[in-house]
Amino acid sequence: MSGVARMYSVVLDCPDPRALAAFYAGLLGWKVTSEEEDWVTLDGDDQGRLSFQRVPGHRPPEWPDAGHPQQFHLDLVVDDSVRAEKEALALGAVRHEHQPGEGQGWTVYLDPAGHPFCLCVSSG
């Protein structure tokens with residue numbers, strides 16, 4: 001099946017694109033491939049691309065509050081959840097107090113700009 005478009009990048013709004021790109025570069029092991037004052041892009045080779053866009057007055061989601069919802073989140077697969085959590089926290093992530101997947105193989109965190117993401121235990 002052929003679509004109209006191809007996926008190019010997921011873009012996250014944030015107050016500081018360089019800082020958030022550095023966080024995700026450390027978390028994913030990806031490289032910065034483009035950097036401007038208000039826009040930074042990471043490339044994960046065949047894994048995809050993330051871009052970070054400066055938004056003055058950025059207001060992070062307040063998940064699970066439906067009044068200002070998460071809108072989207074990233075699910076990231078890890079082989080060792082204990083090691084991954086330790087490294088994510090050292091990079092600046094925060095373990096979210098709300099954990100709806102307790103015992104389901106995934107844990108919710110917030111990146112330094114407040115976007116939720118999940119570290120999911122690899123099933124393979």
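Here is a walk through the structure, from the overall fold down to a few individual residues.

Keep in mind as you look around that this is a predicted model. Let's start with the whole chain. Its secondary structure adds up to 2 helices and 8 strands, and if you read from the N terminus, the elements come in the order β-α-β-β-β-β-α-β-β-β. The radius of gyration is 15 Å, close to the 14 Å that the globule rule gives for 124 residues, so the chain is as compact as a globular protein of that length. Measure out the C-alpha trace along its principal axes and you get spans of about 40 × 35 × 35 Å.

What about inside versus outside? Of the 124 residues, 34% are buried. The accessible surface is about 7900 Å², and carbon and sulfur atoms account for 50% of that. There's also a good way to see how the chain folds back on itself: among contacts with a separation of 6 or more, 50% are between residues 24 or more positions apart.

Now turn to helix α1, which covers residues 17–28. It has 12 residues, and at 1.5 Å a residue it should span 16 Å; the C-alpha atoms at its ends are 16 Å apart, so the model agrees with the expected length. Right after the helix comes G29, with a positive phi of about 75°.

Which residues of α1 are buried? They are P17, L20, A21, F23, Y24 and A25. The spacing in that list is worth a look, because an α-helix has 3.6 residues a turn, so residues three or four places apart point the same way. As for what lies over the buried residues of α1, the cover includes the strands β1 (10–14), β3 (39–43), β4 (49–54), β5 (74–78) and β8 (116–121), along with the other helix, α2 (81–91).

That brings us to the core. The largest nonpolar core holds 22 residues, and the ones with the most contacts inside it are L20, Y24, L42, L50, F52, F117 and L119. Two or more residues apiece come from β1, α1, β3, β4, β5, α2 and β8. The largest share, 5 residues, is supplied by α1.

To get a feel for how this core is knitted together, pick out L50. Setting aside neighbours within four places in sequence, L50 is in contact with S9, V10, L12, Y24, L28, W30, V40, T41, L42 and L74. Two of those partners, Y24 and L42, are also on the list of residues with the most contacts inside the core.

If you're wondering about the cysteines, the disulfide count is 0. C14 is in none, and the nearest cysteine sulfur, belonging to C118, is 19 Å away. C14 is also buried, at 1% relative accessibility. Why is C120 not bonded to C118? The two sulfurs are 5.4 Å apart, too far for a bond, and C118 is the closest that C120 has. C120 is buried too, with a relative accessible area of 16%.

Next, have a look at the loop between β4 and β5, where you'll find H58. Is H58 buried or exposed? With 18% relative accessibility, H58 counts as buried, because the cut-off for that label is under 20%. Not counting residues up to four places away in sequence, H58 touches D13, C14, P15, A113 and H115. So C14, the cysteine with 1% relative accessibility, turns up again here as one of the contacts of H58. For a sense of distance, the C-alpha atoms of H58 and T33 are separated by 24 Å, with their positions 25 residues apart along the chain.

The loop between β4 and β5 also contains P64. The peptide bond joining W63 and P64 is cis, with omega at about 10°.

One last stop is D45, in the loop between β3 and β4. Its phi is near 55°, a positive value in a residue other than glycine. D45 is exposed, with a relative accessible area of 68%.

Notes: Residues numbered from 1 in each chain as written. Predicted model: local features only at pLDDT ≥ 70, side-chain atom pairs only at ≥ 80, totals over all residues. Heavy atoms only, no water. Helix = DSSP H or I, 4+ residues; strand = E, 2+ residues; numbered from the N terminus. Expected span 1.5 Å × (residues − 1). Buried < 20%, exposed > 50% of the residue type's maximum accessible area, 1.4 Å probe, protein only. Contact = heavy atoms within 4.5 Å. Core = buried A, V, L, I, M, F, W, Y, C linked by side-chain atoms within 4.5 Å. Rg over C-alpha atoms; globule rule 2.2 N^0.38 Å. Areas by Shrake-Rupley, 256 points an atom, 1.4 Å probe, with all protein chains shown as cover. Disulfide = S-S within 2.5 Å.
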